[in-house]
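Reader: I've got a structure open on my screen and some questions about how it's put together. Can we walk through it?

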Amino acid sequence: MGRGRGGSRTQRRHFRQNRENVWKRTKPDPSSENPTENNGGDPSWQPFATQSLAFEEYYKEQGIVAPEEWDLFMEFLRKPLPAAFRINSSSQFCSDIRTQLESDFMISLQSEVSEGGEPQPIRPLAWYPENLAWHSNFSRMQLRKNQTLERFHEFLKLENEIGNITRQEAVSMVPPLFLDVRPEHFILDMCAAPGSKTFQLLEIIHRSTKPGLLPDGLVVANDLDVQRCNLLIHQTKRMCTANLIVTNHEAQHFPGCRSNKKSSSAPEIGIELEPPISQLLFDRVLCDVPCSGDGTLRKAPDIWRKWHSGHGNGLHALQVQIAMRGLSLLKVGGRMVYSTCSMNPVENEAVVGEILRKCGGSVELIDVSSELPQLVRRPGLKRWKVRDKGKWLASSKDVGKYRTNAIGPGMFPSGRNLARSMDHSGSMEQDEKHENGEDENVVEVLQSSEDAVISDDEEVSPFPLERCMRIVPHDQNGGAFFIAVLHKHSPLPANQGTANHLEGALCSTINEQIVNLPTLDTENTNGLLASLADDTDETITEAASEAELIEGEQDGVTLELDTSGKSEENGSEANQVPDDGEADPKKTRGKRKQLQGKWKGVDPVVFFKDEAVINAIKTFYGIDESFPFNGHLVTRNSDTNHVKRIYYVSKPVKDVLELNFSVGEQLKITSIGLKMFERQTASVASCAPCAFRISSEGLPLILPYITKQILYASPVDFKHILQYKSIKFSDFVDAEFGAKASGLMLGCCVLVLGKDGKSTLDPIQVDESTIAIGCWKGKNSLSVMVTALDCQELLERLLMRIETRNGNLVSKDEASDGKVDVDMKDMEKVSTTVATEG
């Protein structure tokens, strides 16, 4: 999610120094009679306070739930949030993982029902299509600490790291489902980090495509903070997509890239034709805005002590401005989803009402109550009040004259400016100019024929805000969320291209004060958390990430973020070249000649046009001419001799990139395309005919077009090389396969699992079930060039996919007991050879 990061460097340093980790526990109370109770004997431990009188008073008054539900509502808010995850629908192992959950874990975990929990340990979410999303009855803490859940926990960690599942709060999965995404759509995720919703959108556009083909659509994922962009890149890298652009902009000022004529710099970047698109508009926009985040109380209980009604008031104007920018970038006929993980109507219904008011009849709030019928949701509110300085305000006329810069009329249901002014006698009288709608900054276009109901007691919105959705924790044992679905019927009114003066002032104040939190051990904190005194509500001092921040340490897997903002290192690949072809990348560090792009701290994106290198790659791997190379290769360094990585972009991404060049690089691109080729180090390149190897990310895309440097192994030999990483040619079980491997040219090659349980010397048809890995063909051996995690995942999948007994799934434990048909003598032979080689 985009987060404001403004103000002076001194201000930001001050805020960072005073920032409190959302998971930091409060100091123990010395007066406590039993400070070590339920803490394992640790005297420094003290449980989180799970109550806030201000919170309860505020939401009782707002009528967020019926009075008879209040106790149940609060009971669930104080319970830990159950874990949830989603299966990657575009993964080739999607069906295998779903079967494993249904036939293995649902049964094996049946006895591990947590106290007071649901009878089912894990279950598919009924409202998510095709059993692709799952709810666990265990909190993340239970998964970490309970030894009997260890196998399930290890499964979650491994599959999440590989990219086969995404650990994400259940309610955070909802907004993309209401976007009605199709593979050809251009989609903008305005406030995207850490990337779970972006990943979900990419899944949807990729799901129906075949191997070697790419969707006609794309996703542009934007975030304000560079470090959060790096987290976003890390998350989406698991998707292995050429249809993603990651940008780094303020969401409310996202560039439109309108092209009037060719840029004078176009010839320098090799653009010879006008771009096929003249303005960057989107079919779908996801507007998951910064918010106060009190819908994540179950996951981030420290919010209880920080909660303040002023947080939502301070964010309202920024939320309106981001939503309006999203609508201006939306194509006519397109759909936008506005969402928050806040329960506050000032951040939710008030924002939706304000943008409807500004857009007039050009935008409609859609009734989607018939979609996802099994999702329990509640209608939006039409009545609410604003809390300011300890007082309840029913309409804008109640706002004190010194508070009009903080409390705008758009925060109220009617949205009308009913401010009062002083008459000559010094008494307050209603400002007729404002009441009559003559204020030039107020657009009074109502979708309803009946005007807003305004009285001294309350206002009622004239818009059908009951079409919005509010999800509360006790309905389906999850978090809280707010969602509104908007359809754009016609262009926006001309005077709504920019925010009004009040919104601009408020957003500037907010952006000068917001500072991003570091990566937290939370999965879903789509909120802006502030520590404010009771009498202040304008200064926002902290910002958390969106409602799906993954666990910062991935349960022991540390995420190292590139704080320099350099995009060349989109995420270090852990693939290891064996001893007969390995070099230390540190030796070449610092030698790369860098062309400084327009955006400081971000490597430029340039088209890769070195025909000699491209032809060498095509010849070495025998890449079929039908694979579109021309204009689809990009890099982050214009010096060919120092290019380390070559990325592949789909046609829609190529079109956007050309448009961006033509308008003077308005988009600040931090990541683009799919890493396809990576240069070997100097010692390796001097021995191999081709200096570039195929990356693991790019292999699935280019595999159907490779005709050389490709091997087809039997399941036994395939398992052997996954387990032992490097095997001499003479030690393969299939001697013919070993001979063929030794006959390849030195360098990178591709190993494909043969069909029908045997290797083959003839090419096979590549489809969605094909399993292949990159290898290095050395002088005497064949070695894998994938991560240890990838090897582990493939081994487990092979044991479950290939080996079955009586049609039933064979578990990992059974396979390890020797019940899978693997020749152990061959295993011992390979193991001895590898050990001898050292």
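Author: Helices and strands here are DSSP runs, with helices (H or I) needing at least four residues and strands (E) at least two, numbered from the N terminus. Bear in mind that this is a predicted model.

Reader: Fair enough. How many helices and strands are there in the protein?

Author: Both kinds of element occur in the protein. Counting the runs gives 24 helices and 32 strands.

Reader: What share of the residues is buried?

Author: A residue goes down as buried when its relative accessible area is under 20%. The protein has 838 residues to sort that way. The buried share comes out at 57%.

Reader: And the outside: what part of the exposed area do carbon and sulfur atoms supply?

Author: The protein exposes about 34500 Å². Of that area, carbon and sulfur atoms supply 48%.

Reader: Among contacts between residues at least 6 apart in sequence, what percentage join residues at least 24 apart?

Author: Contact here means heavy atoms within 4.5 Å. Take the contacts between residues at least 6 apart, then ask which join residues at least 24 apart: that's 78%.

Reader: Let's get to helix packing. Is H4 roughly parallel or roughly antiparallel to H6?

Author: Helix H4 covers residues 94–108 and helix H6 covers 150–162, and their axes sit 12 Å apart. The angle between them is about 160 degrees. Angles over 145 degrees count as roughly antiparallel, so H4 and H6 are roughly antiparallel.

Reader: Which residues make that contact, and how do they divide into nonpolar, polar and charged?

Author: H4 brings Ile-97, Gln-100, Leu-101, Asp-104, Phe-105 and Ser-108. From H6 come Arg-151, Phe-152, Phe-155 and Glu-159. Sorted by type, the H4 and H6 contact residues are five nonpolar, two polar and three charged.

Reader: What about H2 and H3: which word describes how H2 lies relative to H3?

Author: The axes of helix H2 (residues 53–62) and helix H3 (residues 70–77) come within 12 Å. They cross at roughly 135 degrees. An angle over 145 degrees would be roughly antiparallel, and 65 to 115 roughly perpendicular, so H2 is oblique to H3.

Reader: Who's touching whom there, and how many of the residues are charged?

Author: On the H2 side you'll find Phe-55, Glu-56, Tyr-59 and Lys-60, facing Trp-70, Phe-73, Met-74 and Leu-77 of H3. Six residues of this H2 and H3 contact are nonpolar and none are polar, while the charged ones number two.

Reader: Now a lysine: is Lys-654 buried or exposed?

Author: Lys-654 lies in helix H17, residues 651–662. Leaving out residues up to four places away in sequence, Lys-654 touches Phe-607, Asn-630, Gly-631, His-632 and Val-649. Its relative accessibility is 16%, and the cut-off is under 20%, so Lys-654 counts as buried.

Reader: Where's the cis peptide bond?

Author: Look in the loop between strand S5 (186–189) and helix H8 (196–206), where Pro-194 has its place. Omega is about 5 degrees for the cis bond, which joins Ala-193 and Pro-194.

Reader: Cys-257 has a positive phi; is this residue buried or exposed?

Author: Cys-257 is not a glycine, yet its phi is about 50 degrees. Its place is in the loop between strand S7 (244–247) and strand S8 (282–288). With a relative accessible area of 1%, Cys-257 is buried.

Terms used
Residues numbered from 1 in each chain as written. Predicted model: local features only at pLDDT ≥ 70, side-chain atom pairs only at ≥ 80, totals over all residues. Heavy atoms only, no water. Axes fitted to C-alpha atoms, helices over the stretch in contact; angles between N-to-C directions. Parallel < 35°, antiparallel > 145°, perpendicular 65-115°, else oblique. Nonpolar A, V, L, I, M, F, W, Y, C, P; charged D, E, K, R; others polar. Buried < 20%, exposed > 50% of the residue type's maximum accessible area, 1.4 Å probe, protein only. Areas by Shrake-Rupley, 256 points an atom, 1.4 Å probe, with all protein chains shown as cover.
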